[in-house]
Amino acid sequence: MIDIIKTRFIHWKKQRISLLFWLLFPMICTIFIIQLITAIQEDSQIPVGIVMEEDTVLANHLYAKIKNTPILRVVNVTETEAKQKVESHELDSAFVIQEDYEENIKKGKRNWLIKSYSSNLSFAFTPVKEMIISFVQEETGRSKTAHTVHDLSTDSEIKFSWEEVTKKAKNIQVEEDLLLTTFSFANTPNASKDPNITPVNTWGIWAVLSLLSTFLIFDWVIKERKSVLLLRYPFIRFSIKSFLLRNLLLYTMLLFFVDIITVILFHYVLNESLTLAGIGLLFMYRFMINLGAFLSGLMFHRLMSYYGFSFIITMFISILSGATVPIDGLTNRFPWIVIYNPLYSFLEQEWFNPWLLLLLLVVILWRIKGVKYNA
Amino acid sequence: MLEVHSLSKSYGNKTIIQDISFTVQPTEIVGLVGENGAGKSTLLSILATLLKPTKGTIALENLNYLSHRKLLREKIGFVPQDIAIWDNFTVEENMIFFEKLSWKNKNNKELRQLCLSMNLDKWKEPVKNLSGGMKRKLNLAISLIHDPELLLLDEPTAGIDLKSRKEIGSYLKSLATEHEKMIIYTSHDMDEITSICDRVLCIGQDAFYQNLLESSGKPLLAF
């Protein structure tokens, strides 16, 4: 194997720039795409000023809910700043969580809890206002419930405090997931598990890009099977098949090493999780696409046809996996489509990978079949 | 010694080679001539273990071709008609590449010496910059890395200049005599065949080659 590595290094030395480019392409391109999407999302967020006049649990809770809304970019300001910034249109609108907010909610008061500022150019004021009102109404609703429960239990031995009732109500809301329900028509499969990749799925983007780069890196399978060079193999230590398989192993090691760097980089740059199971699944995916590219390379003798095939197959798989065009309707209607998606096992974190088994079987059969040389 | 006895090769009803017998001793260079399609390349492929004969037996150093194919390949050097080298490598990289895959280990000095012995002195030069003659020499040098006992050459001087042709010819002569190699050589150049080879095998029914060779005074076997 050492000798194979040495011969491979001679090739790699010659192709170092293109090899390095295609090795780093999925990693760098994914980070670029994700950063671009994040930047666009941030730019499209509505700037809203929040003035906190008190530092209580309920006031902070409301602030956190507003801040966690994806469409809003929350800016902490004083009331004077809020007026100025709304006037100068730096902020779309501003909301003041007024003093005694928590106390008023506990008292069951429902008016004059939040004050707002807007201008004639506050295009998002109404929907943002409605959203904040709905958050406040949740709190006032809980408070009212607490008062009702308290009133009902006046004559009872069991007493509930305001805090106990509101806490219980919040827990029920979280546990029952009242605001997120999956609907499905009768006699249709429940699409509780979405097999599609959203366009901002980091590993989905990486998987498609690394599929393409792997195919392009594996053009060595065609270059090294040039018919004239095939005549050398009977007179060297390795048969052509043995030589190609050892190189496949070597490429798998190299590409998996780059994949490990990718995992670490994604963890620090994109906050992706870093787990052993994830690395195991990544290795299976790596091995699968390497086998796929290897077998595809064996089918072709001309480089241009192979490159064309590589782009077509990558595009087809990216569409089938839903990475480029959402195919929710199609997968809901024909759930079996996901079986044909080679990215499914990796992205859905399933250990059973039928594509890997199938490709491995084909490679074994190819290895067992004899080799014929013609002078 | 290479012993070929009653060798025949057919594809379906078409007979390419019929009942050929000959022997080749160490230090001997045997030329293989015949018109196009007479079966020269087929015979060379059979002797290189790349094709199986329909009938007959072949043995090299008492090793039968049918039962010791892999072992025999370590003793055979085959120089294909087409230049089978890496165009994007230098001469040095080509030699090292094939040495790493070869049955015998040779250090850089030995590899360089092998090239120098046939006047291939552009060690660091990319192959794409070499002349046709230099490429042919490299093609030959690669086939000699594992020190084969039997060297089979399929038109090794096709399309190259006279100087390179002479250099390859004199190298092959010294290789046969000094290193006791058996060499079988095909060419269409009759001057080259008569000047390099000790004996000539004429394949096919064409009397042209036979008459030409008989006039040269070389020992001739015609089939």
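Contact here means heavy atoms within 4.5 Å. With that in hand, let's work through some exercises on this predicted model.

**Exercise 1. Find how many residues of chain A and of chain B are in contact, and how much area is buried between the two chains.**

Solution. Start with the contacts: 23 residues of chain A touch 28 residues of chain B. Next, take the area: about 2500 Å² is buried between chain A and chain B. Carbon and sulfur atoms give 68% of that area. Finally, see who contributes on the chain A side: Arg232(A), Phe235(A) and Arg237(A) supply 30% of the area that chain A buries against chain B, and no other three residues supply more.

**Exercise 2. Work out which salt bridges and polar contacts link chain A to chain B, and which helices of chain A take part in the interface.**

Solution. First, count the salt bridges: the rule gives 20 over all chains. Glu93(B) sits in helix H3 (residues 91-100) of chain B and Lys14(A) in helix H1 of chain A, so this pair joins two chains. Across the interface of chain A and chain B there are two salt bridges. In the one between Glu93(B) and Lys14(A), the N to O distance is 3.0 Å, which passes the test of a Lys or Arg nitrogen within 4 Å of a carboxyl oxygen.

Second, turn to polar contacts: eight residue pairs, both members at pLDDT 80 or more, are in polar contact between chain A and chain B. On the side of chain A that touches chain B, helix H1 (2-14) and helix H10 (227-230) of chain A each supply at least two residues. H1(A) gives the most, with eight residues.

Third, sort that side of chain A by class: twelve residues are nonpolar, three are polar and eight are charged.

**Exercise 3. Compare the record's transmembrane regions in chain A with the modelled helix content of two of them.**

Solution. Begin with the record: an unreviewed UniProt entry places "transmembrane region" at residues 20-40, 203-222, 243-270, 276-299, 306-327 and 351-368 of chain A. Now check residues 276-299 of chain A: the span is 100% helix and 0% strand, with its end C-alpha atoms 35 Å apart. Then check residues 351-368 of chain A, where the chain is 83% helix and 0% strand and the end C-alpha atoms lie 27 Å apart.

**Exercise 4. Decide where the predictor's confidence is low or high in each chain.**

Solution. Take chain A: its pLDDT averages 84, and 90% of the residues score at least 70. Residues 181-185 of chain A fall below 50, and this stretch has four contacts beyond near neighbours in sequence. Residues 188-199 of chain A also stay under 50, with 28 contacts beyond four places in sequence.

Move on to chain B: the mean pLDDT is 85, and 91% of its residues reach 70 or more. Among the elements of chain B, strand E10 (residues 220-222) has the lowest mean, 59, while H3(B) has the highest, 92. To finish, read the global scores: ipTM is 0.82 and pTM is 0.74.

Conventions:
Residues numbered from 1 in each chain as written. Chains lettered and ligands numbered in written order. Predicted model: local features only at pLDDT ≥ 70, side-chain atom pairs only at ≥ 80, totals over all residues. Heavy atoms only, no water. Buried area = accessible area lost by both parts, 1.4 Å probe. Salt bridge = Lys/Arg side-chain N within 4 Å of Asp/Glu carboxyl O. Polar contact = N/O pair within 3.5 Å; in protein donor to acceptor, adjacent residues only side chain to side chain. Helix = DSSP H or I, 4+ residues; strand = E, 2+ residues; numbered from the N terminus. Nonpolar A, V, L, I, M, F, W, Y, C, P; charged D, E, K, R; others polar. UniProt positions renumbered as here; feature names shortened; annotations may be inferred. pLDDT = per-residue confidence, 0-100.
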